[in-house]
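Got your viewer open and a hand on the mouse? Let's walk through this one stop by stop, selecting as we go.

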Amino acid sequence: MTETTRLAVVVLAAGQGTRMKSRLPKVLHPIGGRPLVGHVIDHARSLAPERVLVVVRHERDLVAQAAAATSADILVVDQDDIPGTGRAVQIALEAIPGFTGDVLVLSGDVPLLEASTLEGLVSAHRARGAAATVLSAIVDDATGYGRVIRDEFGGVQRIVEQKDATPEEASVTEINAGVYVFQADPLRVHLDLVDSANAQGERYLTDVIGLLRASQLAVAAASAPDASDALGVNDRVQLSEAARTLNARTVRRWQLAGASILDPHTTWIDVDAKLAADVTVLPNTYILGTTVIAEGAVVGPDTTLQDCEVGRDAVVRRTDATLAVIGAGATVGPFSYLRPGTVLGENGKIGTFVETKNSTIGEGSKVPHLSYIGDTTIGRHVNLGAGAITANYDDLAKHRTEIGDEVHSGSHNVFVAPVRIGDGAKTGAGAVIRKDVPAGALALSVAPQRNVEGWVEINRPGTGAADVAAKARSAQKADDGTQEED
Ligand code: UD1
Ligand code: CA
């Protein structure tokens, strides 16, 4: 019978989150690269319920959009002016009028509960046939949480909010995690009885527990396997705690999957990133978004990768990269900045103090030092000398630079786009390439050097430079004079 009981999940996400002191609604603050409410919806979905409802109000469009982004079949429900978690659930139930199964209520600001804990809660609830089962936890510091008040036989009697608690009740260390399962019918009936006669003037969902008990219905508590999972995020201190706990789990998961992560405390990995076996991550490294790192790659130290792809055995040191693809065996850094659309081929190199954007650098090609490469296509086995700059912007539009295979450029070249360099071509040091270079040609744009004697003394009289130049020149003359006398 239990397996056939229907399940709906209600995610509470209508509150503002005043204690965050933020423009952004609390449930949209991210940890692990996803908004808090995204984690909660994800856990809800892993139970395969027949419905997931998300209750919104504060910044409703933003929150609804984030909820819808997690999956298409979310039912967004709007809470009205009446405040409180009880009201939120009441409104949600109005959206599923015929529903008679179990209702799992999750708080949009309790992001760390694992699917297994929620499954355990639902099965404990069903096994006992309780009208309500609350997830509880024993914590060192219960500040801010509702306390679970038990009767003399140890049964759950009611929940009291911190702000309404007597000193004796406040000393209870068993807290309400803000997560519960209810039988839908008694929940509906008893939500109608909830009033707002409390310190916050809100209709508390927690009051339903005491009301069910008063109706002689069975109410139970199931304790979270790990109390730290029950963390509710109300302020930025708790936000950072939640982020750290989630990150520790993610790091551990990849370590157990075969990645060497030297310093878990300074390595941050978003939940959607992927690391293959034998990846090495050095300290102070951020692996964000949907970044994927292939086997044997070494990343870090001091590196940020946002939505990047790193190929097998590539080495990426002290680098900041977004939406870049780094080929197998390639090396990047130290001190490289890869902007969106950078594609570095196999065994290629982007070296020290190099910025790239919207550019493809072919297999085995190198941009080793002090360069800006934007809107450029570079062929295979190219070497650009130190200081290569693509001038891609003429203050009206962006233009492309196309460099063929096996091109070698001299140091300190400027490629004024649009411009094409043919296969095998070479360019001289300091060249400013404004015209296409045919395949195999040597392009020189710098005029032969000419020294204008005495220019500084004539044009910059009275300056330090003119003084020392004059001295040096007269010493040189005297020297030449004595040499003549010898
Ligand atoms: C709530 C519980 C408390 C529990 C704690 C666990 C109540 C009255 N108290 O307190 O017993 O220990 O969570 O973290 O339920 N929300 C709505 N509509 C509203 C008000 C809130 O959807 O009108 C949402 C919020 O967006 C939030 C969740 O409900 O995601 C919890 O609200 P919050 O104000 O944070 O409740 P707590 O004071 O933490
Ligand atoms: Ca809360």
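Select F335 to begin: this residue is in the loop between β24 (331-332) and β25 (336-338). Keep in mind that you are looking at a predicted model. What is the phi of F335? It is positive, about 65 degrees, even though F335 is not a glycine.

Next, hop to P301, in the loop that links β18 (298-299) to β19 (303-306). Show the backbone here and check the bond between G300 and P301: the peptide is cis, with omega at about 0 degrees.

There is another one to visit. Select A417 and P418, and you'll find that the peptide bond from A417 to P418 is cis too, with omega near 0 degrees. P418 belongs to the loop between β35 (414-416) and β36.

While β36 is on screen, switch to cartoon view and pick out the sheet it belongs to. How many strands form this open sheet? Nine, and the pairing is parallel. To trace the sheet across, colour the strands in the order β14-β17-β20-β23-β26-β28-β30-β33-β36. Which strands are at the edges? They are β14 (274-275) and β36 (419-421), each of which pairs on one side only.

Now zoom in on one pairing inside the sheet. Select residues 309-310, which make up β20, together with residues 325-326, which make up β23; the two strands run parallel and are joined by two bridges. Put a label on V310 and look across to β23: the residue standing opposite is I326.

Time for the ligand. Select ligand 1 and expand to its surroundings: 23 residues surround it, and the closest are G84, T85, G146, E161 and N176. By type, this shell divides into nine nonpolar, ten polar and four charged residues. Turn on a pocket display if you have one, as the space taken by ligand 1 is the largest pocket. Two elements each give two or more residues to the shell, α3 (85-94) and β10 (174-183). Which of them gives the most? That's β10, with three residues.

Finally, get the distance tool out and try these backbone contacts, each made to an oxygen atom of ligand 1:

- G15: a polar backbone atom at 2.9 Å from a ligand 1 oxygen.
- G84: a polar backbone atom at 2.7 Å from a ligand 1 oxygen.
- G146: a backbone N or O atom at 2.8 Å from a ligand 1 oxygen.

Before you leave, put a surface on the ligand. How much area does ligand 1 expose when taken alone? The figure is 750 Å², and the protein buries 90% of that.

Conventions:
Residues are numbered from 1 along each chain as its sequence is written. Chains are lettered from A and ligands numbered from 1 in the order in which they are written. This is a predicted model: local features need pLDDT of at least 70, side-chain atom pairs count only at pLDDT 80 or more; totals for chains, interfaces and linings use all residues. Side-chain values use heavy atoms; hydrogens and water are left out. Two strands pair if DSSP finds at least two bridges between them. Helices (H or I, at least four residues) and strands (E, at least two) are DSSP runs, numbered from the N terminus. A residue is near a molecule or strand if one of its heavy atoms lies within 4 Å of it. A polar contact is a pair of N or O atoms within 3.5 Å; within protein, one must be able to donate a hydrogen and the other to accept it, and residues adjacent in sequence count only if both atoms are side-chain atoms. Accessible areas come from the Shrake-Rupley method with a 1.4 Å probe; for residues, only the protein chains shown count as cover. On a 1 Å grid over the protein atoms alone, a cavity is a set of points where a 1.4 Å probe fits but cannot get out, and a pocket is an open set with protein on both sides within 12 Å along at least five of seven lines; lining residues have an atom within 4 Å of a point. A molecule sits in a cavity or pocket if more than half of its atoms lie within 2 Å of its grid points. Ala, Val, Leu, Ile, Met, Phe, Trp, Tyr, Cys and Pro count as nonpolar, Asp, Glu, Lys and Arg as charged, and the others, Gly among them, as polar.
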